[in-house]
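I opened this entry to look up how the nonpolar cores and one of the sheets are put together. The sequence and structure come first, and my notes follow.

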Amino acid sequence: MGLRPEHIGKIGEAEFASWCAEEGMTFNGSVMDEMGWDYLVEYYGDASAEIHDRCRQFKVQVKASSELKGSIPIKVSNLHALASDPLPAFIAVMRIGDSRQVDLAYLLHIDSELVSKILERSMGLEVAGKPLNKSTLSLPLVESDRLSEVGGDCFKGVVERAVGPSFSDYVKAKQQWCSQAGFEEGSASVELKVEGEEFCAQLVEMTLGHHREIRFSGSEMSKVRFGHKYESQGKGPGVLSMGRVAPSGHGTVKLKCGYSPMSVPADLYVSTIAGADRLAYRIDGHFFELESNPARGSTGQGSFTVKGDNSVLTLQQLKTAVRFTSRLCAGQRKLSFRGGKGGEAISFDLDLASDPVDFSHCTARLDAYQIILDQADVDMEPRFSLDDAFGQSVLPAAVAELLSGDGREIKCSFSVDGQASTRFVGKRVNCIHRSSCDFGTAELVVVFVVTGIAEQDGASGLVVKDRRAQLLACLVRSEVSGAVLEELKAVVSERMADLSGDLVVDGDLQSWTEQDGEQAAAVG
(Lines give C-alpha, C1' and ligand atoms only; values in the text may rest on other atoms or scores of the structure.)
Protein backbone atom coordinates (compact mmCIF):
# COMPACT_ATOMS: atom_id res chain seq x y z
CA MET A 1 0.00 0.00 0.00
CA GLY A 2 1.35 3.43 -0.97
CA LEU A 3 1.97 6.22 1.52
CA ARG A 4 -0.53 8.99 1.88
CA PRO A 5 0.74 12.54 1.19
CA GLU A 6 0.73 13.48 4.86
CA HIS A 7 2.93 10.47 5.68
CA ILE A 8 5.32 11.40 2.89
CA GLY A 9 5.49 14.91 4.31
CA LYS A 10 6.30 13.56 7.79
CA ILE A 11 9.14 11.43 6.41
CA GLY A 12 10.56 14.52 4.66
CA GLU A 13 10.34 16.60 7.84
CA ALA A 14 12.03 13.84 9.85
CA GLU A 15 14.82 13.59 7.29
CA PHE A 16 15.39 17.34 7.38
CA ALA A 17 15.43 17.27 11.19
CA SER A 18 18.14 14.60 11.10
CA TRP A 19 20.27 16.77 8.76
CA CYS A 20 20.12 19.65 11.20
CA ALA A 21 20.80 17.42 14.20
CA GLU A 22 23.84 15.87 12.51
CA GLU A 23 25.42 19.34 12.12
CA GLY A 24 24.39 20.73 15.50
CA MET A 25 21.91 23.21 14.01
CA THR A 26 18.94 24.50 15.96
CA PHE A 27 15.71 24.16 13.98
CA ASN A 28 12.26 25.44 14.86
CA GLY A 29 9.18 24.56 12.89
CA SER A 30 6.54 27.03 11.82
CA VAL A 31 3.43 26.74 13.98
CA MET A 32 1.28 28.60 11.45
CA ASP A 33 2.40 27.81 7.91
CA GLU A 34 1.46 31.13 6.31
CA MET A 35 4.79 32.83 5.47
CA GLY A 36 6.29 30.26 3.13
CA TRP A 37 8.79 28.55 5.45
CA ASP A 38 8.62 25.32 7.43
CA TYR A 39 11.78 25.72 9.51
CA LEU A 40 13.90 28.51 10.89
CA VAL A 41 17.43 27.14 11.23
CA GLU A 42 20.16 28.72 13.37
CA TYR A 43 23.78 27.80 14.01
CA TYR A 44 27.10 29.38 14.93
CA GLY A 45 29.49 29.83 12.08
CA ASP A 46 33.24 30.34 11.98
CA ALA A 47 34.58 31.53 15.34
CA SER A 48 37.12 33.73 13.54
CA ALA A 49 34.32 35.88 12.05
CA GLU A 50 33.42 39.25 13.56
CA ILE A 51 31.48 38.87 16.79
CA HIS A 52 28.29 40.27 15.25
CA ASP A 53 28.58 37.97 12.24
CA ARG A 54 28.84 34.53 13.85
CA CYS A 55 25.22 33.55 14.45
CA ARG A 56 23.63 32.47 11.16
CA GLN A 57 19.96 32.01 10.37
CA PHE A 58 18.07 30.85 7.32
CA LYS A 59 14.61 29.65 6.40
CA VAL A 60 13.71 26.42 4.65
CA GLN A 61 10.58 25.06 3.04
CA VAL A 62 10.54 21.25 2.79
CA LYS A 63 8.87 19.48 -0.12
CA ALA A 64 8.69 15.69 -0.20
CA SER A 65 7.19 13.45 -2.89
CA SER A 66 7.26 9.86 -3.96
CA GLU A 67 7.91 10.97 -7.53
CA LEU A 68 9.93 13.93 -8.84
CA LYS A 69 9.77 15.29 -12.34
CA GLY A 70 11.78 18.07 -13.99
CA SER A 71 10.26 20.80 -11.83
CA ILE A 72 8.24 21.36 -8.73
CA PRO A 73 5.25 23.75 -8.42
CA ILE A 74 5.13 26.03 -5.37
CA LYS A 75 2.57 28.63 -4.40
CA VAL A 76 3.61 32.14 -5.45
CA SER A 77 2.60 33.48 -2.03
CA ASN A 78 5.12 31.15 -0.31
CA LEU A 79 7.86 31.97 -2.79
CA HIS A 80 7.17 35.71 -2.45
CA ALA A 81 7.56 35.47 1.34
CA LEU A 82 10.88 33.64 1.01
CA ALA A 83 12.19 35.98 -1.69
CA SER A 84 11.33 39.20 0.15
CA ASP A 85 12.65 38.03 3.52
CA PRO A 86 16.17 39.39 4.14
CA LEU A 87 17.31 36.04 5.58
CA PRO A 88 18.76 33.37 3.28
CA ALA A 89 16.03 31.02 2.04
CA PHE A 90 16.13 27.52 0.62
CA ILE A 91 13.70 24.91 -0.63
CA ALA A 92 14.60 21.31 0.24
CA VAL A 93 13.03 18.89 -2.25
CA MET A 94 13.14 15.16 -1.40
CA ARG A 95 12.07 11.97 -3.11
CA ILE A 96 10.80 9.15 -0.89
CA GLY A 97 11.80 5.83 -2.44
CA ASP A 98 10.24 2.39 -2.20
CA SER A 99 12.21 1.74 1.01
CA ARG A 100 10.41 4.72 2.49
CA GLN A 101 13.69 6.55 2.82
CA VAL A 102 14.91 9.69 1.06
CA ASP A 103 16.97 8.51 -1.90
CA LEU A 104 17.25 11.82 -3.82
CA ALA A 105 17.36 15.40 -2.60
CA TYR A 106 17.74 18.90 -4.04
CA LEU A 107 18.44 22.15 -2.22
CA LEU A 108 17.25 25.18 -4.16
CA HIS A 109 18.76 28.48 -3.08
CA ILE A 110 16.54 31.56 -3.52
CA ASP A 111 19.36 33.54 -5.14
CA SER A 112 19.25 36.87 -7.00
CA GLU A 113 17.99 35.27 -10.21
CA LEU A 114 15.17 33.48 -8.44
CA VAL A 115 14.32 36.58 -6.41
CA SER A 116 13.84 38.52 -9.63
CA LYS A 117 11.80 35.74 -11.23
CA ILE A 118 9.54 35.39 -8.17
CA LEU A 119 8.97 39.12 -7.76
CA GLU A 120 8.20 39.47 -11.47
CA ARG A 121 5.52 36.76 -11.24
CA SER A 122 4.10 38.33 -8.06
CA MET A 123 3.99 41.75 -9.71
CA GLY A 124 2.15 40.39 -12.73
CA LEU A 125 -0.47 38.71 -10.57
CA GLU A 126 -1.03 41.81 -8.43
CA VAL A 127 -1.44 44.06 -11.47
CA ALA A 128 -3.95 41.54 -12.88
CA GLY A 129 -5.82 41.51 -9.57
CA LYS A 130 -5.17 37.81 -8.89
CA PRO A 131 -4.31 36.44 -5.39
CA LEU A 132 -0.80 35.07 -4.98
CA ASN A 133 -1.92 32.01 -3.02
CA LYS A 134 -4.06 30.81 -5.93
CA SER A 135 -1.19 30.58 -8.38
CA THR A 136 1.97 28.50 -8.53
CA LEU A 137 5.41 28.92 -10.04
CA SER A 138 7.29 25.84 -11.21
CA LEU A 139 10.95 25.76 -10.20
CA PRO A 140 13.23 23.54 -12.29
CA LEU A 141 15.15 20.73 -10.60
CA VAL A 142 18.60 20.87 -12.14
CA GLU A 143 21.70 18.82 -11.56
CA SER A 144 23.61 21.71 -10.01
CA ASP A 145 21.06 21.86 -7.15
CA ARG A 146 21.16 18.11 -6.44
CA LEU A 147 22.82 17.03 -3.19
CA SER A 148 25.69 14.70 -3.99
CA GLU A 149 24.92 12.81 -0.78
CA VAL A 150 21.73 12.78 1.24
CA GLY A 151 22.81 13.95 4.67
CA GLY A 152 23.58 16.85 6.98
CA ASP A 153 27.20 17.41 5.91
CA CYS A 154 26.33 17.97 2.24
CA PHE A 155 23.30 20.06 3.20
CA LYS A 156 25.37 22.40 5.40
CA GLY A 157 28.09 22.69 2.74
CA VAL A 158 25.59 23.95 0.17
CA VAL A 159 24.23 26.51 2.66
CA GLU A 160 27.74 27.75 3.55
CA ARG A 161 28.73 28.20 -0.10
CA ALA A 162 25.49 30.05 -0.89
CA VAL A 163 25.71 32.46 2.03
CA GLY A 164 29.45 33.08 1.78
CA PRO A 165 31.95 34.11 4.46
CA SER A 166 29.97 37.11 5.77
CA PHE A 167 26.38 36.57 6.85
CA SER A 168 25.71 40.31 7.27
CA ASP A 169 27.00 41.03 3.75
CA TYR A 170 24.64 38.40 2.36
CA VAL A 171 21.65 39.97 4.11
CA LYS A 172 22.55 43.39 2.70
CA ALA A 173 22.98 41.92 -0.77
CA LYS A 174 19.61 40.17 -0.66
CA GLN A 175 17.89 43.40 0.33
CA GLN A 176 19.46 45.02 -2.74
CA TRP A 177 18.26 42.15 -4.93
CA CYS A 178 14.72 42.82 -3.76
CA SER A 179 14.85 46.60 -4.05
CA GLN A 180 16.51 46.69 -7.48
CA ALA A 181 14.86 43.78 -9.28
CA GLY A 182 12.53 44.83 -12.07
CA PHE A 183 13.92 48.33 -12.46
CA GLU A 184 16.62 47.44 -14.98
CA GLU A 185 14.74 49.27 -17.75
CA GLY A 186 13.80 52.24 -15.58
CA SER A 187 11.31 52.87 -12.81
CA ALA A 188 8.80 55.18 -14.50
CA SER A 189 6.87 55.51 -17.72
CA VAL A 190 5.50 58.65 -19.35
CA GLU A 191 2.93 58.41 -22.13
CA LEU A 192 2.32 61.56 -24.13
CA LYS A 193 -0.94 62.31 -25.90
CA VAL A 194 -0.28 63.90 -29.27
CA GLU A 195 -2.22 64.68 -32.41
CA GLY A 196 -1.08 63.94 -35.93
CA GLU A 197 2.26 62.69 -37.19
CA GLU A 198 4.11 65.98 -36.78
CA PHE A 199 5.02 65.19 -33.17
CA CYS A 200 6.71 61.93 -34.20
CA ALA A 201 8.73 63.72 -36.86
CA GLN A 202 9.78 66.42 -34.39
CA LEU A 203 10.66 63.80 -31.78
CA VAL A 204 13.04 62.10 -34.21
CA GLU A 205 14.52 65.47 -35.08
CA MET A 206 14.97 66.20 -31.37
CA THR A 207 17.06 63.05 -30.93
CA LEU A 208 19.10 64.17 -33.94
CA GLY A 209 19.95 67.43 -32.17
CA HIS A 210 17.42 69.82 -33.75
CA HIS A 211 14.39 70.79 -31.64
CA ARG A 212 14.80 71.68 -27.99
CA GLU A 213 11.09 71.70 -27.06
CA ILE A 214 7.96 69.93 -28.37
CA ARG A 215 4.43 70.55 -27.09
CA PHE A 216 1.96 67.76 -26.31
CA SER A 217 -1.73 67.81 -25.39
CA GLY A 218 -1.69 65.50 -22.36
CA SER A 219 0.28 62.81 -20.54
CA GLU A 220 0.08 59.90 -18.13
CA MET A 221 2.83 59.09 -15.66
CA SER A 222 3.19 55.61 -14.15
CA LYS A 223 5.58 53.68 -12.02
CA VAL A 224 7.02 50.68 -13.85
CA ARG A 225 8.45 47.43 -12.54
CA PHE A 226 9.11 44.31 -14.58
CA GLY A 227 7.39 46.12 -17.45
CA HIS A 228 4.14 46.46 -15.48
CA LYS A 229 2.69 49.93 -14.96
CA TYR A 230 1.03 50.90 -11.68
CA GLU A 231 -0.01 53.99 -9.72
CA SER A 232 -0.73 55.89 -12.94
CA GLN A 233 -1.62 59.58 -12.85
CA GLY A 234 -3.01 61.69 -15.67
CA LYS A 235 -1.48 65.09 -16.41
CA GLY A 236 -2.42 68.02 -18.62
CA PRO A 237 -0.62 69.51 -21.62
CA GLY A 238 3.05 70.34 -21.40
CA VAL A 239 6.37 70.64 -23.17
CA LEU A 240 8.89 67.89 -23.81
CA SER A 241 12.42 69.27 -23.74
CA MET A 242 15.84 67.78 -24.28
CA GLY A 243 19.29 69.10 -23.54
CA ARG A 244 22.20 69.14 -25.92
CA VAL A 245 22.44 65.87 -27.83
CA ALA A 246 25.93 64.44 -28.10
CA PRO A 247 26.98 62.90 -31.45
CA SER A 248 26.74 59.14 -31.81
CA GLY A 249 30.22 59.23 -33.29
CA HIS A 250 32.69 61.10 -35.46
CA GLY A 251 33.95 60.44 -38.95
CA THR A 252 34.55 61.95 -42.39
CA VAL A 253 32.42 62.80 -45.39
CA LYS A 254 34.12 62.09 -48.70
CA LEU A 255 33.13 63.87 -51.89
CA LYS A 256 33.83 61.49 -54.75
CA CYS A 257 35.41 63.39 -57.61
CA GLY A 258 36.85 61.97 -60.76
CA TYR A 259 40.29 63.48 -60.23
CA SER A 260 40.77 64.28 -56.55
CA PRO A 261 38.45 63.01 -53.78
CA MET A 262 37.89 65.50 -50.99
CA SER A 263 37.13 64.74 -47.32
CA VAL A 264 35.90 66.88 -44.43
CA PRO A 265 35.33 65.94 -40.76
CA ALA A 266 31.75 65.42 -39.62
CA ASP A 267 29.67 64.29 -36.64
CA LEU A 268 27.11 61.49 -36.89
CA TYR A 269 23.77 61.58 -35.04
CA VAL A 270 21.61 58.43 -35.15
CA SER A 271 18.05 58.06 -33.86
CA THR A 272 16.43 54.68 -33.21
CA ILE A 273 12.97 56.10 -32.56
CA ALA A 274 11.91 55.48 -36.15
CA GLY A 275 12.70 51.77 -35.74
CA ALA A 276 15.73 49.58 -36.30
CA ASP A 277 14.72 48.95 -39.92
CA ARG A 278 14.18 52.66 -40.64
CA LEU A 279 17.39 54.44 -39.75
CA ALA A 280 17.12 58.15 -39.07
CA TYR A 281 20.44 59.97 -39.11
CA ARG A 282 22.01 63.39 -39.38
CA ILE A 283 25.56 64.10 -40.53
CA ASP A 284 26.81 67.48 -39.36
CA GLY A 285 29.76 68.80 -41.35
CA HIS A 286 29.64 72.17 -39.49
CA PHE A 287 28.93 74.12 -42.69
CA PHE A 288 26.45 71.61 -44.11
CA GLU A 289 24.06 68.90 -42.98
CA LEU A 290 22.95 65.63 -44.52
CA GLU A 291 19.83 64.15 -42.99
CA SER A 292 17.44 61.26 -43.53
CA ASN A 293 14.27 61.16 -41.41
CA PRO A 294 11.76 58.36 -42.21
CA ALA A 295 9.15 60.23 -40.14
CA ARG A 296 9.37 62.96 -42.80
CA GLY A 297 8.98 60.41 -45.57
CA SER A 298 12.65 60.54 -46.57
CA THR A 299 13.41 56.82 -46.27
CA GLY A 300 16.37 56.00 -48.50
CA GLN A 301 16.76 59.64 -49.46
CA GLY A 302 18.88 62.27 -47.75
CA SER A 303 18.40 66.02 -47.66
CA PHE A 304 21.35 68.41 -47.95
CA THR A 305 21.42 71.81 -46.24
CA VAL A 306 24.14 74.43 -46.31
CA LYS A 307 24.53 76.16 -42.94
CA GLY A 308 25.78 79.52 -44.12
CA ASP A 309 25.36 81.34 -40.80
CA ASN A 310 27.15 78.81 -38.57
CA SER A 311 30.25 80.71 -37.40
CA VAL A 312 32.44 77.83 -36.23
CA LEU A 313 35.12 77.60 -38.93
CA THR A 314 38.70 78.73 -38.85
CA LEU A 315 39.88 80.50 -42.00
CA GLN A 316 41.52 77.31 -43.29
CA GLN A 317 38.32 75.36 -42.64
CA LEU A 318 36.35 78.09 -44.42
CA LYS A 319 38.57 77.70 -47.49
CA THR A 320 37.90 73.95 -47.43
CA ALA A 321 34.17 74.60 -47.03
CA VAL A 322 34.13 76.88 -50.08
CA ARG A 323 35.97 74.32 -52.23
CA PHE A 324 33.70 71.52 -51.00
CA THR A 325 30.48 73.47 -51.61
CA SER A 326 31.63 74.75 -55.00
CA ARG A 327 32.27 71.19 -56.17
CA LEU A 328 28.85 70.09 -54.95
CA CYS A 329 27.20 72.92 -56.85
CA ALA A 330 29.26 72.01 -59.91
CA GLY A 331 27.58 68.61 -60.09
CA GLN A 332 29.95 66.38 -58.08
CA ARG A 333 27.33 64.97 -55.74
CA LYS A 334 28.38 61.45 -54.78
CA LEU A 335 29.04 61.48 -51.05
CA SER A 336 29.91 58.84 -48.48
CA PHE A 337 30.31 58.91 -44.70
CA ARG A 338 32.44 56.57 -42.65
CA GLY A 339 32.88 56.73 -38.90
CA GLY A 340 30.88 56.45 -35.71
CA LYS A 341 31.41 53.96 -32.91
CA GLY A 342 30.82 50.99 -35.17
CA GLY A 343 32.55 52.38 -38.25
CA GLU A 344 29.22 52.95 -39.99
CA ALA A 345 29.34 53.55 -43.71
CA ILE A 346 26.60 55.55 -45.48
CA SER A 347 26.63 56.33 -49.19
CA PHE A 348 24.20 58.54 -51.06
CA ASP A 349 23.73 60.68 -54.15
CA LEU A 350 22.51 64.26 -53.82
CA ASP A 351 19.87 65.81 -56.00
CA LEU A 352 20.34 69.54 -55.49
CA ALA A 353 17.55 71.61 -56.95
CA SER A 354 19.21 75.01 -56.71
CA ASP A 355 20.25 77.88 -58.94
CA PRO A 356 23.92 78.04 -59.99
CA VAL A 357 26.17 79.72 -57.41
CA ASP A 358 29.11 81.91 -58.43
CA PHE A 359 32.14 81.14 -56.25
CA SER A 360 34.66 83.06 -58.37
CA HIS A 361 34.94 86.08 -56.06
CA CYS A 362 35.19 83.93 -52.89
CA THR A 363 38.84 83.04 -53.51
CA ALA A 364 39.93 86.69 -53.65
CA ARG A 365 37.93 87.47 -50.52
CA LEU A 366 39.48 84.60 -48.58
CA ASP A 367 42.95 85.65 -49.76
CA ALA A 368 42.21 89.12 -48.37
CA TYR A 369 41.18 87.58 -45.05
CA GLN A 370 44.46 85.68 -44.96
CA ILE A 371 46.57 88.81 -45.61
CA ILE A 372 44.75 90.64 -42.81
CA LEU A 373 45.22 87.82 -40.31
CA ASP A 374 48.91 87.55 -41.22
CA GLN A 375 49.71 91.26 -40.90
CA ALA A 376 47.09 92.90 -38.67
CA ASP A 377 47.20 93.33 -34.91
CA VAL A 378 44.99 90.37 -33.90
CA ASP A 379 43.86 89.66 -30.32
CA MET A 380 41.85 86.52 -31.17
CA GLU A 381 41.45 83.97 -33.94
CA PRO A 382 38.05 84.74 -35.46
CA ARG A 383 35.64 82.05 -36.55
CA PHE A 384 33.87 82.29 -39.86
CA SER A 385 30.71 81.01 -41.49
CA LEU A 386 30.15 80.13 -45.12
CA ASP A 387 28.22 83.39 -45.48
CA ASP A 388 31.43 85.31 -44.73
CA ALA A 389 32.90 84.03 -48.00
CA PHE A 390 30.06 85.84 -49.84
CA GLY A 391 30.24 89.04 -47.77
CA GLN A 392 29.41 92.40 -49.35
CA SER A 393 31.79 94.72 -47.50
CA VAL A 394 34.61 96.05 -49.70
CA LEU A 395 36.74 97.03 -46.70
CA PRO A 396 38.64 93.70 -46.30
CA ALA A 397 39.78 93.75 -49.93
CA ALA A 398 40.85 97.41 -49.70
CA VAL A 399 42.75 96.79 -46.47
CA ALA A 400 44.47 93.73 -47.94
CA GLU A 401 45.61 95.82 -50.90
CA LEU A 402 46.99 98.49 -48.57
CA LEU A 403 48.79 95.85 -46.50
CA SER A 404 50.28 94.23 -49.57
CA GLY A 405 51.24 97.57 -51.18
CA ASP A 406 48.82 97.25 -54.09
CA GLY A 407 46.73 100.34 -53.34
CA ARG A 408 43.63 101.22 -55.31
CA GLU A 409 42.55 104.80 -56.02
CA ILE A 410 40.80 106.19 -52.96
CA LYS A 411 38.65 109.28 -53.00
CA CYS A 412 38.05 111.35 -49.84
CA SER A 413 35.54 114.21 -49.81
CA PHE A 414 35.25 116.80 -47.06
CA SER A 415 34.01 120.30 -46.39
CA VAL A 416 35.31 123.07 -44.15
CA ASP A 417 32.62 124.97 -42.28
CA GLY A 418 32.94 128.74 -42.20
CA GLN A 419 35.84 128.81 -44.65
CA ALA A 420 35.97 129.45 -48.35
CA SER A 421 36.64 126.08 -49.90
CA THR A 422 38.69 127.72 -52.65
CA ARG A 423 41.24 128.65 -50.02
CA PHE A 424 42.43 125.00 -49.88
CA VAL A 425 42.24 124.11 -53.55
CA GLY A 426 45.68 123.03 -54.73
CA LYS A 427 46.97 122.44 -51.22
CA ARG A 428 48.48 119.14 -50.09
CA VAL A 429 45.95 117.50 -47.74
CA ASN A 430 46.12 114.45 -45.45
CA CYS A 431 42.67 112.93 -44.96
CA ILE A 432 42.45 110.53 -41.99
CA HIS A 433 39.69 107.96 -42.27
CA ARG A 434 38.41 105.33 -39.84
CA SER A 435 36.35 102.34 -40.89
CA SER A 436 35.22 98.98 -39.49
CA CYS A 437 33.26 95.92 -40.52
CA ASP A 438 32.43 92.45 -39.24
CA PHE A 439 35.30 90.01 -39.60
CA GLY A 440 33.77 86.64 -38.79
CA THR A 441 33.11 86.56 -35.07
CA ALA A 442 35.51 89.53 -34.60
CA GLU A 443 35.57 93.08 -35.95
CA LEU A 444 38.08 94.62 -38.34
CA VAL A 445 38.97 98.23 -37.45
CA VAL A 446 41.32 100.30 -39.63
CA VAL A 447 42.63 103.85 -39.74
CA PHE A 448 44.26 105.04 -42.95
CA VAL A 449 45.36 108.37 -44.38
CA VAL A 450 44.93 109.52 -47.98
CA THR A 451 47.43 112.19 -49.03
CA GLY A 452 46.90 114.29 -52.15
CA ILE A 453 46.05 117.65 -53.68
CA ALA A 454 42.64 119.08 -52.83
CA GLU A 455 40.27 119.78 -55.70
CA GLN A 456 36.96 121.60 -55.82
CA ASP A 457 33.96 119.31 -55.39
CA GLY A 458 30.73 121.26 -55.72
CA ALA A 459 30.00 124.66 -54.22
CA SER A 460 31.62 124.17 -50.82
CA GLY A 461 33.15 120.70 -50.90
CA LEU A 462 36.66 119.46 -51.51
CA VAL A 463 37.90 116.13 -52.78
CA VAL A 464 41.27 114.42 -52.59
CA LYS A 465 42.16 111.66 -55.01
CA ASP A 466 45.31 109.63 -54.69
CA ARG A 467 46.64 106.11 -54.95
CA ARG A 468 49.03 106.73 -52.09
CA ALA A 469 47.01 105.64 -49.04
CA GLN A 470 48.83 104.63 -45.87
CA LEU A 471 47.51 102.45 -43.02
CA LEU A 472 47.97 103.97 -39.61
CA ALA A 473 46.34 101.10 -37.71
CA CYS A 474 44.79 97.72 -38.58
CA LEU A 475 43.19 95.83 -35.70
CA VAL A 476 41.19 92.61 -35.43
CA ARG A 477 39.38 92.65 -32.11
CA SER A 478 36.77 90.52 -30.41
CA GLU A 479 34.86 93.74 -29.73
CA VAL A 480 35.38 97.47 -30.27
CA SER A 481 35.47 98.70 -26.71
CA GLY A 482 36.28 102.10 -25.31
CA ALA A 483 39.84 100.94 -24.75
CA VAL A 484 40.19 100.10 -28.44
CA LEU A 485 38.92 103.55 -29.47
CA GLU A 486 41.41 105.21 -27.13
CA GLU A 487 44.12 103.05 -28.67
CA LEU A 488 43.17 104.30 -32.14
CA LYS A 489 43.17 107.95 -31.06
CA ALA A 490 46.64 107.53 -29.59
CA VAL A 491 47.91 106.04 -32.86
CA VAL A 492 46.42 108.90 -34.89
CA SER A 493 47.81 111.57 -32.56
CA GLU A 494 51.25 110.02 -32.75
CA ARG A 495 51.25 109.73 -36.52
CA MET A 496 49.76 113.16 -37.34
CA ALA A 497 53.07 114.85 -36.47
CA ASP A 498 54.79 112.77 -39.14
CA LEU A 499 52.39 113.78 -41.90
CA SER A 500 53.72 116.43 -44.27
CA GLY A 501 51.31 118.76 -46.03
CA ASP A 502 49.30 121.93 -45.76
CA LEU A 503 46.22 120.43 -44.10
CA VAL A 504 45.27 117.43 -41.94
CA VAL A 505 41.59 116.50 -41.95
CA ASP A 506 40.24 114.07 -39.34
CA GLY A 507 36.65 113.23 -40.13
CA ASP A 508 35.92 111.35 -36.88
CA LEU A 509 37.38 114.13 -34.71
CA GLN A 510 35.67 116.70 -36.97
CA SER A 511 38.77 118.91 -37.12
CA TRP A 512 41.36 120.20 -39.56
CA THR A 513 44.75 121.66 -38.88
CA GLU A 514 46.84 124.10 -40.98
CA GLN A 515 50.56 124.49 -40.63
CA ASP A 516 50.06 127.76 -38.70
CA GLY A 517 47.92 125.91 -36.14
CA GLU A 518 44.62 127.57 -37.00
CA GLN A 519 41.73 125.13 -36.45
CA ALA A 520 38.10 125.05 -37.45
CA ALA A 521 35.37 122.42 -37.76
CA ALA A 522 35.68 120.04 -40.66
CA VAL A 523 33.69 117.06 -41.82
CA GLY A 524 35.43 114.23 -43.72
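**Cores, then the sheet**

I looked up the largest nonpolar core (buried Ala, Val, Leu, Ile, Met, Phe, Trp, Tyr and Cys residues joined through side-chain atoms within 4.5 Å; buried means under 20% relative accessible area with a 1.4 Å probe, protein chains only), and of its 55 residues Phe16, Phe58, Ile91, Leu139 and Phe155 touch the most other members. Strand S5 (residues 89-96) gives the most to this core, with seven residues, strands being DSSP runs of E with at least two residues, numbered from the N terminus.

This is a predicted model, in which local features need pLDDT of at least 70 and side-chain atom pairs count only at pLDDT 80 or more, while totals for chains, interfaces and linings use all residues. Residues are numbered from 1 along each chain as its sequence is written, and side-chain values use heavy atoms, with hydrogens and water left out.

I then checked Leu139, which has contacts (heavy atoms within 4.5 Å) with residues including Ile72, Ile91 and Leu108, when residues up to four places away in sequence are not counted. A second, separate core holds 52 residues, among them Ala266, Leu290, Ile372 and Leu444.

Turning to the sheet, I found five strands in the open order S1-S2-S3-S5-S6 with mixed pairing, where a pair requires at least two DSSP bridges. S1 (26-29) and S6 (102-109) are the edge strands, each with a single partner, so one side of each has no neighbour in the sheet. S1 pairs with S2 (residues 39-44) in the antiparallel sense over four bridges, and Phe27 stands opposite Val41 in S2.

Note on methods. Buried means under 20% relative accessible area, exposed over 50%, partly exposed in between (1.4 Å probe, protein chains only).
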